[in-house]
Amino acid sequence: MEIQKAAVLGAGVMGSTIAGHLANVGIPTLLLDIVPKELTAEEKARGLTLESPQVRNRLAMQGKMGLLKAKPAPLYSRENADLITVGNFEDDMERLQEVDWIVEVVVENLTIKKHLLKQVAQYRRPGTIVSSNTSGISINAMIEELPREFREHFLGTHFFNPPRYMKLLEIIPAQETKSEIVDFMMQFAERVLGKGVVLAKDTPNFIANRIGTYGLLVTAREMVRRGLTVSQVDAITGPALGRPKSASFRTLDMVGLDTFVHVANNVYESVAEGEEKEIFKVPDFLKEMVSRKWLGSKSGQGFYKKVKTAEGKEILELDYNTFEYKPRDKRKFTLLETAKNSPGSLADKLKMLVYGRDEAARFAWETLKKTLLYSAAKIPEIADDIISIDRAMRWGFNWRLGPFEIWDAIGVEKSVARMTEEGENIPPLVEKLLAGGNTSFYKKENGRLYYFDLTAEDYRPVVEKPEIIDLADMKKDGKVIKANSGASLVDMGDGVACLEFHSPNNAIGADIIQMMNYAVEEVERNYLGLVIGNQGKNFCVGANLMLLLMEAQDENWDEINYIVKSFQDACMKLKYSRKPVVAAPFQMTLGGGCEICLHADRIRAAAETYMGQVELGVGLIPGGGGNKEVLIRHIENITDPKVDLQPFVNKALEVIAMSKVSTSAQEARELHLLRSTDKITVNQDYLLHDAKQTVLAMVKEGYEPPRPQKIRVVGEPGYAAMKLGIYTMKEGGYISEHDQLIADKVAYVLAGGSVAANTYVTEQYLLDIEREAFLSLCGHPKTQERMMHMLKTGKPLRN
């Protein structure tokens with residue numbers, strides 16, 4: 001089985017973004033929607049009719065065009081939109097015979113879905129997989145009247161919004177779905193689409209929305225009962241509880257209150273009378289907000305509303321009693337602040353918060369308690385095991401810990417004793433866990449992770465995939481070759497070592513530079529090759545800016561020169577290592593982090609890699625060879641010495657001087673930060689494995705290190721041309737005087753300095769003039785002002 005071509009039926013926000021993500025991974029996709037019944041004013045003015053293809057395909061085309069405007073971008077690259085072909089349900093259903101997977105994404109209405117799927121059954125070829133993206137309608141009910149062969153190839157594929165960024169995909173088999181179809185789709189979704197896949201049951205709202213909606217409704221009710229404000233609740237239910245910064249009500253604003261109410265009503269109408277049904281009854285103030293069209297971000301107001309003031313913009317919060325907006329409640333809970341700022345682990349913070357005695361602690365306990373008990377009570381109804389629920393909540397709602405992981409963190413015995421005292425019913429799963437003398441839902445023995453299984457009433461091993469490498473586990477197993485405060489060299493097995501950064505924010509300092517040098521020397525002696533990768537929040541955000549600023553303020557120019565020269569030398573050591581070096585960047589890969597990658601033999605990037613040379617934002621230019629490497633990547637395929645290099649060098653200047661950062665690994669390739677030989681891994685869980693396999697493949701092919709080559713430069717005439725362009729930008733008011741100064745320095749380095757056009761220079765020469773320019777900027781007051789501003793605010797300053 002393979003999926004070479006797909007069709008998405010329904011071109012609304014969800015349908016178009018699913019089609020967009022299929023295009024992201026290279027799958028040509030047919031996007032269909034209904035035929036409009038009326039002409040727009042613009043169509044009438046253009047003389048179009050209801051029979052015109054532009055009109056008949058209007059809705060699908062709007063969905064496709066919306067992908068180019070949406071923020072955050074649903075596409076890895078705008079070019080991917082070319083893989084999407086639009087059509088409609090009346091003219092193009094026969095084209096379903098061409099595809100291997102059909103995804104239904106129309107309105108959440110069982111009657112409409114059944115009608116469309118009957119049409120699909122008439123046109124699809126036997127063996128084609130069909131799925132529904134429903135968020136909670138019964139999978140089996142949709143296909144009960146369709147042929148058996150159709151039912152055997154049908155399942156639910158519930159993407160979370162936005163599909164590109166949200167990791168969770170719930171796969172829901174129907175009663176007769178073939179097991180090989182389920183297995184294939186799980187593997188395809190994980191490896192090709194980059195998803196974290198959870199197998200769910202055909203129950204209302206499946207797993208994540210069932211638990212998440214319950215938790216949000218409990219939170220809303222508890223807020224009203226205790227008289228807390230929206231802002232107060234979001235302060236409690238955010239990062240302190242291991243949840244995203246959007247917490248509860250910002251999350252609802254992002255999701256859309258109408259969507260949330262629909263999901264809640266779906267459960268309310270499906271469950272039996274009792275406490276659960278009562279919880280899923282939507283509170284009156286939420287109903288009122290929906291009736292007023294206060295739906296959140298998409299309508300401009302919900303629980304929060306952004307307004308313009310004399311000082312700029314202000315975010316107001318809703319008073320759910322008066323339905324008036326007021327300034328946010330910024331009162332702080334002492335215990336909450338203490339927990340948030342404590343240096344301990346998330347488990348320590350959770351214990352401090354839920355077992356505290358102030359209002360924030362009581363609120364956190366009540367809402368968390370109800371959610372934990374509900375999660376346990378829903379096994380085996382919605383999922384067979386605790387792993388599925390924990391993963392669904394981590395991947396679908398961005399919780400740092402799932403419900404059962406939270407329970408372990410706060411202590412199962414202690415929390416259950418308190419719940420019992422408060423008169424709560426303890427679910428069978430929890431009772432059986434404790435009755436067996438166990439104290440946690442998960443445990444680790446002999447390096448293997450186990451979970452408590454309700455059916456077995458005992459622990460079962462968590463299925464581990466050898467392709468998913470965990471550096472923390474490797475280090476616990478004694479695989480560290482050498483380590484310091486900023487980095488470690490870890491034995492990955494099979495003759496491959498991994499250079500892992502673990503300084504604060506993975507910022508580059510002397511400790512990382514030292515380990516870079518050691519890594520190359522050790523690998524050249526004893527290993528086949530090197531991977532540079534880690535499993536932090538970001539790959540690397542650049543140099544240790546605080547250290548650099550302190551040295552600049554103290555005018556320690558010799559020390560700065562030594563640090564920069566050391567970093568340049570370490571990068572060159574990577575580049576010319578006798579063994580292959582593969583960098584595995586992900587998320588933010590900025591400044592020095594980008595430079596390290598540029599000096600590797602190959603890059604194996606996560607799809608979500610945001611890569612660029614951003615030094616101009618802090619008043620500097622790249623100092624670790626970034627100018628040289630960006631230049632090389634723009635001109636390396638030009639072998640004819642008669643070809644004018646200037647247009648290509650201008651592009652390199654644009655990338656650096658405009659601090660361009662890719663919005664994906666694919667866009668990094670378009671910026672020439674990745675080469676055509678560099679590969680992309682969609683599922684970041686597999687990134688280190690794929691990078692390791694790249695090293696081994698290079699060894700098998702007979703790796704030969706690169707030989708130093710001289711670089712043809714545009715020289716003084718090219719520098720003059722670039723300076724003129726920069727001056728024009730300054731005079732046009734697009735850049736500041738200090739921006740002009742920095743951009744001139746970049747242009748000088750890219751041009752090769754004060755040499756004649758078409759001179760061939762060495763890499764070391766370019767590094768020397770780069771370092772000289774870098775040092776000259778470090779002492780500039782406006783550069784130091786930019787560095788200070790970045791350290792204080794995390795944002796660049798244009799002074």
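What follows is a walk through two sheets, some hairpins, a few backbone oddities, a salt bridge and a pocket in this structure. The model is a predicted one, and residues are counted from 1 along the chain.

A good place to start is the open sheet built from eight strands, which line up as β3-β2-β1-β4-β5-β6-β7-β8. The pairing in this sheet is mixed. At its edges sit β3 (84–88) and β8 (196–199), and each of them pairs on one side only. Going from neighbour to neighbour, the strands are turned by 25° against each other on average, with direction ignored. Within the sheet, β6 (residues 154–159) and β7 (residues 168–173) pair in the antiparallel sense, over five bridges. One spot to look for in this pair is T157, which stands opposite I171 in β7.

Helices lie against this sheet too. Helix α18 (residues 386–397) packs on it and touches β7 and β8, and the direction of α18 makes about 140° with that of β8. Helix α1 (residues 13–24) lies across β1 (6–9), β2 (29–33), β3, β4 (101–104) and β6. Relative to β2, α1 runs at about 170°.

The loop between β6 and β7 also has a part in a link to another region of the chain. The structure holds 63 salt bridges, and one of them joins the side chains of R164 and E608, at 2.8 Å from N to O. R164 belongs to the β6–β7 loop, while E608 is in the loop between β21 (602–606) and β22 (609–612), so this pair ties together distant parts of the chain, 444 residues apart. As a general point, side chains of opposite charge can pair when their charged atoms come close.

Next comes another open sheet, this one of seven strands in the order β15-β16-β17-β18-β19-β21-β23, again with mixed pairing. Its edges are held by β15 (480–483) and β23 (679–681); each has a single partner strand, so one side of each is left without a neighbour in the sheet. The twist averages 20° from one strand to the next. Edge strand β15 runs antiparallel to β16 (residues 487–493), and three bridges join the two. Here K482 stands opposite L489 in β16. Helix α23 packs on this sheet, where it touches β15, β16, β17 (496–501) and β18 (529–532). The direction of α23 makes about 30° with that of β16.

Two hairpins are worth a look for their turns. In one of them, β10 (residues 312–319) and β11 (residues 324–327) run antiparallel and are joined by four bridges. L318 has Y325 as its bridge partner in β11. This hairpin has four residues between the strands, and F323 takes a positive phi near 60°. In the other, β12 and β13 pair in the antiparallel sense over four bridges, with Y442 opposite Y451 in β13. The turn between β12 and β13 has two residues. N446 lies in that loop, between β12 (442–445) and β13 (448–453), and has a positive phi of about 50° although it is not a glycine.

The backbone also has cis peptide bonds. One joins K71 and P72, with omega at about -10°; P72 lies in the loop between α4 (58–69) and β3. Another joins I379 and P380, with omega at about 10°. P380 is found in the loop between α17 (359–377) and α18, the helix that packs on the eight-stranded sheet by touching β7 and β8.

Finally, there is the second largest pocket, with a volume of about 1,100 Å³. It is lined by 42 residues, and the closest to its centre are V541, G542, A543, N544 and L545. By class, the lining has 24 nonpolar, 13 polar and five charged residues. Elements that each supply at least two residues of the lining include α23 (510–526), α25 (557–575), β20 (587–590), α26 (592–598) and α34 (781–793). The most comes from α24, which gives four residues. Helix α23 thus turns up twice, in the pocket lining and on the seven-stranded sheet.

Conventions. This is a predicted model: local features need pLDDT of at least 70, side-chain atom pairs count only at pLDDT 80 or more; totals for chains, interfaces and linings use all residues. Side-chain values use heavy atoms; hydrogens and water are left out. On a 1 Å grid over the protein atoms alone, a cavity is a set of points where a 1.4 Å probe fits but cannot get out, and a pocket is an open set with protein on both sides within 12 Å along at least five of seven lines; lining residues have an atom within 4 Å of a point. Grid points are joined across faces, edges and corners, and a volume is the space filled by probe spheres set on the points. Ala, Val, Leu, Ile, Met, Phe, Trp, Tyr, Cys and Pro count as nonpolar, Asp, Glu, Lys and Arg as charged, and the others, Gly among them, as polar. Two strands pair if DSSP finds at least two bridges between them. Axes are lines fitted to C-alpha atoms, for helices over the stretch in contact, and angles run from 0 to 180 degrees between N-to-C directions. Contact means heavy atoms within 4.5 Å. A salt bridge is a side-chain nitrogen of Lys or Arg within 4 Å of a carboxyl oxygen of Asp or Glu.
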